[in-house]
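User: I am new to reading protein models. Please take me through this one, and show me the reasoning behind each label.

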Amino acid sequence: MKRVVIAIGGNAIIRNGQKGTTEEQLSNIQTCCTQIADLAQSGYQVILTHGNGPQVGNIVIQNDMAKPVIPESPLDICDAATQGSLGYLLARTLSNALKERNLTTKVATILTQVIVDPDDPAFSHPSKFIGPFFTKEEALEIEKTQGFLMKEDSDRGYRRVVPSPYPQKLVELEAIQDLASLGYTLIIAGGGGIPVINETGRLTGIEAVIDKDFTSSLVAENLKADAFVILTEVSKAAIHYNQPNMQWLDQMNVDDCKRYLAQGEFPDGSMKPKVQAALNFVEHTKKEAVITSLSCLIPALQGTDGTHIHP
């Protein structure tokens with residue numbers, strides 16, 4: 001049985017224009033899990049990771065509005081909360097979808113702590129987008145009144161940015177490996193993991209959001225996955241994006257990835273971390289990574305769609 005690690009974006013669970021109600025998220029998760037269950041039925045062991053940017057952003061807004069009556073939660077607690085809530089919805093929905101296909105595969109969600117370096121330069125240069133989009137005027141007001149750092153996100157509006165340190169190690173890796181070896185379908189490292197630092201053997205939570213694609217690449221490497229798939233809104237990556245000479249990419253090798261990244265072909269906070277995470281996996285394992293959309297997941301793994309990154 002082939003093992004595949006699949007990274008689902010947080011924006012696949014709360015889509016653009018949606019409020020993020022439980023009903024909306026469940027509907028989107030149902031769509032995801034239908035595809036995942038079809039993949040499992042075709043003989044893959046699936047390990048899922050997921051984003052949490054919109055969900056953490058909503059909790060931060062709740063924190064701010066409830067300050068007068070409820071103590072505010074730090075970002076690591078917000079990360080943990082979304083891991084639990086989204087992990088529960090994914091596990092429940094996926095379990096039902098597998099049973100509908102007469103599959104006996106067990107599903108488990110594991111809250112995952114990820115160790116980061118307290119001296120990571122990301123803490124001095126926040127770059128990870130979380131939460132909803134705002135106009136420039138709204139963003140300036142938020143910076144003035146709430147002290148958040150706001151930046152423009154790929155010409156789509158302004159969002160809050162927070163530190164995004166690089167993941168170093170999964171705290172629960174041994175338990176994850178044990179369950180994976182037993183054939184479990186796992187939902188792990190949601191939102192890139194709960195960021196912690198290791199101070200002389202003691203774990204301490206820290207204010208940050210880890211990029212889920214980098215953690216997913218680490219997961220795929222540690223679990224010796226046969227393939228690593230990053231799901232996004234488009235079926236393929238492209239160079240010269242949204243320009244008259246735009247070119248969709250079917251294949252990239254390591255040198256292609258490095259050249260396009262150096263040329264700035266992929267925007268920060270969007271396709272750039274996905275390509276870099278895929279490149280990391282391919283370089284470290286000599287196996288293939290794929291960037292594609294949810295609707296093209298199975299064709300991409302069959303080699304007929306998606307952008308394939310290979311050694």
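**Reasons behind the labels**

Analyst: Strand 16 (residues 288-293) is a good place to begin. 5 of its 6 residues are buried, so strand 16 is largely enclosed by the rest of the structure. Keep in mind that this is a predicted model.

User: How do you know that strand 12 and strand 16 pair?

Analyst: Pairing needs at least two bridges. Strand 12 (residues 227-232) and strand 16 are joined by 6 bridges, and they run parallel. Therefore they count as paired. In one spot, F228 stands opposite A289 of strand 16.

User: What makes strand 16 and strand 17 a pair?

Analyst: The cut-off is again at least two bridges. Strand 17 (residues 307-310) shares 3 bridges with strand 16, in the antiparallel sense. So this pair passes too. Here V290 stands opposite H308 of strand 17.

User: Why are strand 8 and strand 11 called edge strands?

Analyst: Look at the open sheet of 4 strands, with the order 8-4-10-11 and mixed pairing. Strand 8 (169-170) and strand 11 (202-205) each pair on one side only. That is what makes them the edges.

User: How do you know that strand 4 pairs with strand 8?

Analyst: There are 2 bridges between strand 4 (residues 113-115) and strand 8, which run antiparallel. At least two are needed, so the pair qualifies. One partnership is V114 with L170 in strand 8.

User: What makes D250 and K236 a salt bridge?

Analyst: A side-chain nitrogen of Lys or Arg must lie within 4 Å of a carboxyl oxygen of Asp or Glu. For D250 and K236, the closest N and O atoms are 2.5 Å apart. So the pair meets the cut-off. The pair links distant parts of the chain, 14 residues apart. D250 sits in the loop between strand 14 and strand 15 (251-253), and K236 in the loop between strand 12 and strand 13 (238-239).

User: Why is K236 called buried, and why is D250 called partly exposed?

Analyst: Buried means under 20% relative accessible area, and exposed means over 50%. K236 has 19%, so K236 is buried. D250 has 41%, which lies in between, so D250 is partly exposed.

User: How do you know that E72 and K67 form a salt bridge?

Analyst: Their N to O distance is 3.9 Å. The limit is 4 Å, so this pair counts. E72 has 44% relative accessibility and is therefore partly exposed. K67 also has a relative accessible area of 44%, so K67 is partly exposed.

User: What makes D256 and R259 a salt bridge within a helix?

Analyst: Their side chains meet at 3.2 Å, N to O, which is within 4 Å, so they qualify. Both lie in helix 7 (residues 254-262), 3 residues apart, about one turn of the helix. D256 is buried because its relative accessible area is 17%. R259 has 38%, so R259 is partly exposed.

User: How many salt bridges does the whole structure hold?

Analyst: The search finds 12. There is also a network of salt bridges linking D38, E100 and R101.

User: Why can W248 belong to a surface patch?

Analyst: A patch residue needs over 30% relative accessible area. W248 has 40%, so W248 passes that test. Y241, M246 and W248 form a nonpolar patch, with about 290 Å² of accessible area together. W248 itself lies in strand 14 (residues 247-248).

Methods
Residues numbered from 1 in each chain as written. Predicted model: local features only at pLDDT ≥ 70, side-chain atom pairs only at ≥ 80, totals over all residues. Heavy atoms only, no water. Patch = residues over 30% accessible without salt bridge, like charges linked within 9 Å, V, L, I, M, F, W, Y side chains within 5 Å. Areas by Shrake-Rupley, 256 points an atom, 1.4 Å probe, with all protein chains shown as cover. Buried < 20%, exposed > 50% of the residue type's maximum accessible area, 1.4 Å probe, protein only.
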